[in-house]
Protein chains: 2
Amino acid sequence: MFALPLAYGRMAMSCTDQADFGPFIERLTARSVLSEEEKQAILGLPGHAVHVRAKQDFVHINEETAYSCFVVSGLVGRTGQTAAGARQITAFHIPGDMPDLSSAVRPVGVGGLTALCDTVILRIPHVAIRNLMARYPAVAEAFWRDTMLDAAILLQWVINVGRRDARSRLAHILCEMSIRYGRDREILTEYDFPITQEQLGDAAALTSVHVNRSLKSLRQEGAVTIRSGKVRIADWDKLVAIGDFESSYLVADTGPERQRRLLSAA
Amino acid sequence: MFALPLAYGRMAMSCTDQADFGPFIERLTARSVLSEEEKQAILGLPGHAVHVRAKQDFVHINEETAYSCFVVSGLVGRTGQTAAGARQITAFHIPGDMPDLSSAVRPVGVGGLTALCDTVILRIPHVAIRNLMARYPAVAEAFWRDTMLDAAILLQWVINVGRRDARSRLAHILCEMSIRYGRDREILTEYDFPITQEQLGDAAALTSVHVNRSLKSLRQEGAVTIRSGKVRIADWDKLVAIGDFESSYLVADTGPERQRRLLSAA
DNA sequence: CGAAGAATTGAATTTCCTCAAAGTTCGTGG
DNA sequence: CCACGAACTTTGAGGAAATTCAATTCTTCG
């Protein structure tokens, strides 16, 4: 078995530290208007913790699940595949993300989910999510908005894979993850990114050999270094220039002010 | 000016033929449980018709709009761009689609919208959409689900661009459009696809020169022919094989039965 | 009929891939 | 604490796919 069930119970109880679920709430509330009651309701979602070892799929392509996953720790990749078996990572999901939140509304279509390193997830029944959304329309909208952020990232992914050369693709990914790992979306010049060059290649649509050569080039140019899962950005501006990175798709979001405007207009 | 305003008024009135808005309703109701009242409410959305000439952008990248677009006729491309100016089409939208429905909830992040040929769209104010969703939660969910179908298509787009060679990419696109143009998702072996090889290249992340050579190869192999915007699929099975096409991401959807199950469970 | 846009073809070049072999790192068990 | 093995990284050489640049032909449309 690839997965080891640990505990059942309320989300807040299935982990010793309730803060585990914090990042998601933080991200949501940064972009949506949620009341204390609504936030508490989200925190009260029932969750089932699962440890997944590195390189194990925990949701298969075209699998129809009855739950959505919340990433507690580790790193998750959304994957697709050609018939020939070539793997493509279409998204990274870090702690605080819900990679397949959309499955609550459309049970298939997110592709597979793989743990890129040892990872802990929480499985949250669709029924619970749907109940919550029925009760709190603002939560439903916040969830929808969260899936649209994923879609916006995916859109940049297409551009990255389609229109940039190897070095740019990698630089772009490293810039993006820097912002995403950062609290309040600030730039992290150093962060843990537990991924192999092979997996980076699956994400950037390159072979691991070419990833290696390209990383070497980035390193020699003094832009960035990756060593045993630790990214050190030596020169942010240079990395941004190489990666043709423009963070607005991550940052420019519907903040609470905008939400209030929309709500008052309606 | 690139756009020529035509008429204001209720959606049903801004076009002589109400059936123009039909495809969207059909698609939605095929995947969601909507009452007659809810359908009528959607049909009653106010729309502002706009004619857009070929190759004109009508929503710019990072533009924050106050409306979503509904494609009445023609062909729309969602676009992204690198700083160097390389263009990438990330999605095609055909009559009946709402390319930036998501902007009602997250005003930026869909990229730009371009008319790939002479096209008519309807601009529907976010306020109206949001009012409708507030009144009918089932409509809100149906709209969300529609954006998730786009996301699922986008996911395949990444795989296509990232992991297939030129011929396969083109074959995959032509297969996908065949299904999408078909009513009830049946296979069309002949359909209008008013697009240039240059634009196909922007979609497949290839140069127009290489698109040309690859199409020639597909033609010579007896798989498919494109001539002045008309696709003729000579051998569907062959095209599917070359394009590594598996239609479930378009077809396998949350039908009404599944929706009823989810609703009753909740 | 003429012009503009689109499609087609050729030749040289570049980027990335494939195949193959060493070298490193790190965890595990002796 | 060291030896071993597995996984990961690094490097080399040759080849394939797609690009670039440039020129020509075909279509469409006013």
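A residue is near a molecule or strand if one of its heavy atoms lies within 4 Å of it. The legends below describe a predicted model, in which local features need pLDDT of at least 70, side-chain atom pairs count only at pLDDT 80 or more, and totals for chains, interfaces and linings use all residues. Residues are numbered from 1 along each chain as its sequence is written, chains are lettered from A and ligands numbered from 1 in the order in which they are written, and side-chain values use heavy atoms, with hydrogens and water left out.

**View 1. The protein surface near DNA strand C.** DNA strand C is surrounded by 18 residues, of which A:Ala166, A:Arg227, B:Gln197, B:Asn212 and B:Arg213 are the closest. Sugar or phosphate accounts for 72% of the strand C atoms within 4 Å of the protein, and bases account for the rest. This surface comprises five nonpolar, six polar and seven charged residues; Ala, Val, Leu, Ile, Met, Phe, Trp, Tyr, Cys and Pro count as nonpolar, Asp, Glu, Lys and Arg as charged, and the others, Gly among them, as polar. Helices (H or I, at least four residues) and strands (E, at least two) are DSSP runs, numbered from the N terminus. Helix H8 (208-220) of chain A and helix H8 (208-220) of chain B each supply at least two residues, and H8(B) gives the most, with five.

**View 2. Polar contacts to DNA strand C.** A polar contact is a pair of N or O atoms within 3.5 Å; within protein, one must be able to donate a hydrogen and the other to accept it, and residues adjacent in sequence count only if both atoms are side-chain atoms. A polar side-chain atom of B:Gln197 is 2.7 Å from a phosphate oxygen of strand C. At A:Ala166, a polar backbone atom lies 3.0 Å from a phosphate oxygen of the strand. The side chain of A:Arg213 instead has an N or O atom 3.4 Å from a base oxygen.

**View 3. Two loop residues with positive phi, A:Lys55 and B:Asp184.** Most residues other than glycine have a negative phi. A:Lys55 has a phi near 70 degrees and sits in the loop between strand S2 (48-52) and strand S3 (57-59) of chain A. Its relative accessible area of 65% makes A:Lys55 exposed (buried means under 20% relative accessible area, exposed over 50%, partly exposed in between, with a 1.4 Å probe and protein chains only). B:Asp184, with a phi of about 55 degrees, belongs to the loop between helix H6 (166-181) and strand S9 (190-192) of chain B. B:Asp184 is likewise exposed, at 75% relative accessibility.

**View 4. Helix H5 (residues 137-163) of chain B.** The 27 residues of this helix reach 39 Å from first C-alpha to last, close to the 39 Å expected at 1.5 Å a residue; the expected span is 1.5 Å times one less than the number of residues. Because 24 of its 27 residues are buried, H5(B) is largely enclosed by the rest of the structure.

**View 5. An open four-stranded sheet in chain B.** The strands follow the order S3-S7-S5-S6 with antiparallel pairing, where two strands pair if DSSP finds at least two bridges between them. Strand S3 (57-59) and S6 form the edges, each pairing on one side only. Six bridges join strand S5 (residues 76-81) to S6(B), and B:Arg78 stands opposite B:Ala91 in S6(B).
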